[in-house]
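Here is a short tour of one protein chain, written for someone new to reading structures. Take a look at the picture first, then follow the text from the hollow spaces to the whole chain and on to a single residue.

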Amino acid sequence: MQSLPYGSWPSPVDAALAAAHDGRPDDVGLVGDEVWWTAPRPDEGGRRTLVRRRPDGTEEPVLPAPWNVRSRVIEYGGRPWAAHMTGTGPLVVFVNFADQRLYAYRPGGGEPCPLTPVSPLGGGLRWAEPDVRAEYGEVWCVLEEFTGDGPSDVRRVLAAVPLDGSAADDRDAVRELTGERHRFVTGPRLSLDGRRAAWLAWDHPRMPWDGTELIVAEVGPEGTFLDARTVAGGPEESVAQVDWAPDGALLYACDRTGWWNLYRDGQPLCAREEEFGGPLWKLGQRWFAPLDSGLIAVVHGRGATALGILDPETGEVVDAAGPWTEFAATLAAHGERVVAVGASPRSSYEVVELDARTGRARVVGAPHSDAVDPAYYPEPRIRTFTGPAGREIHAHLHPPHNPGCAAPDGELPPYVVWAHGGPTSRSPLVLDLEIAYFTSRGIGVAEVNYGGSTGHGREYRNRLREQWGVVDVEDCTAVALALADEGTADRERLAVRGGSAGGWTAAASLATTDVYACGTVSYPILDLTGWGTGETHDFESRYLESLIGPQAEVPDRYVERSPAEHADRVTVPFLLLQGLDDVICPPVQCERFLARMHDRGVPHAYLTFEGEGHGFRRAGTMVRALEAELSLYAQVFGLAPLGIPTLELTR
């Protein structure tokens, strides 16, 4: 055991290793006897590929590079693929990221064939949640169609695309299933007899976790939707997912009690103060899946999620046994087979199959393998802190940890407070080599699920209503100071970091508190007035009305809380990281902030990355960003990490 100062411990977890293991499997599905999913490829330009697991256990990509299976609907995307078994094998329909067209593909049968046209208007035509309806010779999905060059010149409807390719160059060949009654829609779910369709819809200024409507329509003999009507949900009631039971009952997850619980034809199935749903950031997310037996596979929990089987007759839930302590919002079922994606603090996300008859769960895809000795992994602790007015703050603490090193007696470690994005989201407690990159070198990490985070009911989520830039900042500050006061962290060596909405919280923390010695701010929101008046995409263009308040009524609040308006208050070093293709938090937000920092003498660096959007996907980008962040902390905290390029700070 070496005695070395915090931040100088040698570690095998380098930035390249962390980047190579970034991302997780998603969009799981069952295709015949095979399990399929999408998977990240950071070293292939950040694309996502479609992977299949054959019955003999071998994994192989369905599509080679450069095909990138990813939708841009609402910019955060939606389920980008579907498959239908035919007499000659699977027919795959997928969205290609580069042109956002739908393609049909038969593995081993030549190149993918386009099904939809390209539009020259604005963001063009985009598609999500494809559902192959062979009985109509169509694929049904969500269509997002831009009608002009502005980010809000857009309409969304449910549409049917011919499978014969006749719409590849003819927009008029696409059949619309719904009118423009709502601004946002999810893909239709058909009852097993094909006679009814159900989907979710909502309108500005609501976000889907604020309030959605559950709509049901009859399906006519020619695949037309008739008598569409709202059967659940509303402005203050969020329905997160809908599906049909085998007997034709309508199943949905709704938070009318303050928790996303499951309902069957309007009656609660398992009334608990825990979540059976979540925030719909991506179309097609699934927290439950009905089984042929009448049982329901569920992803559920409070503060964390488990995979279980719910008996709707008794309300009993039996969770799958295994090492996984967190499951993502992707789920598929066929017969009594259930496929999900699970992880734990000691294992990364992997594809898990559960046999509902036996209760046996096993890894069937993307199996976790230790890239380094797991002795270098973080050893996290779940903590609850007390914030202003005595409110609870949930957090995950990752102390410095290295099996071969310890700090000299009396030295306290530096800590970085991580603010998650969203802000209506949360930090799951899973193995993250990006965290290990810091903890194994002697830098602690505190992930704060501040007020407004999900997983703890609607009341906890609503703490952020009109309080963004206040409650999130206060909660992160309370955790940082509590760690210092209890002797866990060095009060003089605290930092804050975050991306997207977490970048906002980090920047606002630097501008309004004196707690942190430095900060890392990635693809952030910095100017509320600009962001709320056309500088972001349509999906979040009215989000600030709930987070800050209606701009017409409280314009001063938009100014007062924006870090860009108070750059003079930032007095400590910082690092800004920005993708140049980001349309959610565009570079102009950083540029405006930096213009107001000019000649103020505050050390800082601004790194931009071509080809990167909102969130970094390319291995080279992630390596550069991580090493730059560590260099910032080294310079500010007086650390001596090994082999890290020095980040040049300007004033």
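A cavity is a set of grid points where a 1.4 Å probe fits but cannot get out, whereas a pocket is an open set. Keep in mind that the model you are looking at is predicted.

**Hollow spaces**

How many cavities of 30 Å³ or more are there? The count comes to four. The largest cavity has a volume of about 110 Å³. Its lining includes Trp209, Asp210, Tyr543 and Leu547. Two helices, H3 (458-461) and H7 (544-547), each supply at least two residues of that lining.

The second largest pocket has a volume of about 1400 Å³. Among the 47 residues that line this pocket, Asp131, Arg133, Arg189, Arg286 and Ala333 lie nearest its centre. Several strands each give at least two residues to the pocket lining, including E2 (26-31), E10 (125-133) and E27 (326-334).

The table sets out the classes of lining residues for these two spaces.

| Space | Nonpolar | Polar | Charged |
|---|---|---|---|
| Largest cavity | four residues | three residues | four residues |
| Second largest pocket | 28 residues | eleven residues | eight residues |

**The whole chain**

Now step back to the chain itself. The protein chain holds ten helices and 39 strands. Along its principal axes, the C-alpha trace spans about 75 × 55 × 50 Å. A compact globule of 651 residues would have a radius of gyration near 26 Å, and the 24 Å of this chain agrees with that. Buried residues account for 62% of the 651 residues. If you take the contacts between residues at least 6 apart in sequence, 59% of them join residues at least 24 apart. On the outside, the accessible surface comes to about 23600 Å², and carbon and sulfur atoms own 47% of that area.

**A closer look at one residue**

Finally, let us visit glutamate 610. You can find glutamate 610 in the loop between strand E39 (604-609) and helix H10 (619-637). Is glutamate 610 buried or exposed? Its relative accessibility is 65%, so glutamate 610 counts as exposed, since the cut-off for exposed is over 50%. Leaving aside residues up to four places away in sequence, glutamate 610 touches Leu580 and Arg618. Aspartate 581 is 29 residues from glutamate 610 in sequence, and their C-alpha atoms are 6.8 Å apart in space.

Note on methods
Residues numbered from 1 in each chain as written. Predicted model: local features only at pLDDT ≥ 70, side-chain atom pairs only at ≥ 80, totals over all residues. Heavy atoms only, no water. Helix = DSSP H or I, 4+ residues; strand = E, 2+ residues; numbered from the N terminus. Buried < 20%, exposed > 50% of the residue type's maximum accessible area, 1.4 Å probe, protein only. Contact = heavy atoms within 4.5 Å. 1 Å grid on protein atoms, 1.4 Å probe; cavity = no way out; pocket = protein on both sides within 12 Å on 5 of 7 lines; lining within 4 Å. Points joined across faces, edges and corners; volume = space filled by probe spheres on them. Nonpolar A, V, L, I, M, F, W, Y, C, P; charged D, E, K, R; others polar. Rg over C-alpha atoms; globule rule 2.2 N^0.38 Å. Areas by Shrake-Rupley, 256 points an atom, 1.4 Å probe, with all protein chains shown as cover.
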